[in-house]
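Student: Could you take one residue of this model and look at it closely, then work outward to what surrounds it? I'd like one connected walk.

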Amino acid sequence: MLKILGTLFLSALVAIGSNVRVGGQIDLNGKHTLYLLSASSEAIIVDLNEKSYKEFVYLAPLYKGESVTLSDPSDIEAYLKRMHATLVYSETVGEIVNEYYYSGKISAYMSINGQKVNVHVSKNKDSVTVGVPLIFGSY
């Protein structure tokens, strides 16, 4: 009986351990925002600076996306290239340009107008924010 309980306990620890994550998917410097429990504006939003982002621990099933307002806006081009992201469409609203991409390297995606999108880039005169799969809230 003790062996069975020990095996069950060890199995539970392995299952939990394999779902524990540190940091997110966007490996760029800047202000990070993680979206937990929902890939929508109803998500639990956790704002993190660069240091706390690298130390933030969570269970993988809770993670639904994230965004980063880049410290260096020029980093976006290398990120899009590294992710093999293809531009799906873009739109301009006032001074903000929103670009929507799809990358096969990212498993999650949203369907917008029947097209897969999983990288959202928002550019304005002062900053660049990138989100996976989309940026929620203000940008």
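Tutor: Let's start at threonine 33, which counts as buried because its relative accessibility is 7% (buried is under 20% relative accessible area, exposed over 50%, partly exposed in between, with a 1.4 Å probe and protein chains only). Threonine 33 sits in strand E2, residues 30-36 (helices, H or I, need at least four residues and strands, E, at least two; both are DSSP runs numbered from the N terminus). Bear in mind that this is a predicted model, where local features need pLDDT of at least 70 and side-chain atom pairs 80 or more, while totals for chains, interfaces and linings use all residues. Residues are numbered from 1 along each chain as its sequence is written, and side-chain values use heavy atoms, leaving out hydrogens and water.

What does the side chain of threonine 33 pair with? It makes a polar contact with the side chain of aspartate 47, at 2.7 Å (N or O atoms within 3.5 Å, one able to donate a hydrogen and the other to accept it; residues adjacent in sequence count only if both atoms are side-chain atoms). Leaving aside residues up to four places away in sequence, threonine 33 touches Ile45, Val46, Asp47, Gly65, Glu66 and Ser67 (heavy atoms within 4.5 Å).

Two of those neighbours, Glu66 and Ser67, are also touched by valine 130. With the same cut of four places, valine 130 further reaches Ile26, Leu28, Val68, Leu70, Ile76, Tyr79, Val119, His120, Val121 and Ile135. Val130 is one of the residues with the most contacts inside the largest nonpolar core, a set of 16, alongside Ile76, Tyr79, Leu80, Val119 and Val121 (such a core is buried Ala, Val, Leu, Ile, Met, Phe, Trp, Tyr and Cys joined through side-chain atoms within 4.5 Å). Who supplies this core? Strand E5 (63-70), helix H3 (75-82), strand E10 (119-123) and strand E11 (128-132) each give at least two residues. There's also a second, separate core of eight residues, with Tyr35, Tyr100, Ile135 and Phe136 among them.

Back on E2, tyrosine 35 is an obvious next stop. Its ring and that of phenylalanine 136 form an edge-to-face pair, 5.0 Å centre to centre with 80° between the planes (Phe, Tyr and six-membered Trp rings pair with centres within 6.5 Å; planes under 30 degrees apart are stacked, over 60 edge-to-face, the rest tilted). Tyrosine 35 lies in strand E2 and phenylalanine 136 in the segment after E11, 101 residues apart, and both are buried.

Helix H3, met in the core, also carries charge. Arginine 82 of H3 reaches aspartate 27, which is in the loop between strand E1 (20-22) and E2, and their side chains meet in a salt bridge at 2.8 Å, N to O (a Lys or Arg side-chain nitrogen within 4 Å of an Asp or Glu carboxyl oxygen). Arginine 82 is partly exposed at 35%, whereas aspartate 27 is exposed at 52%.

Elsewhere on H3, glutamate 77 bridges to lysine 123 at 3.8 Å. Glutamate 77 lies in H3 and lysine 123 in strand E10, so the pair ties together parts that are 46 residues apart in sequence. Lysine 123 also bridges to glutamate 99, with the closest N and O atoms 3.4 Å apart. Through these shared partners, Glu77, Glu99 and Lys123 form one network. Glutamate 99 counts as buried at 13%, while glutamate 77 is partly exposed at 49%.
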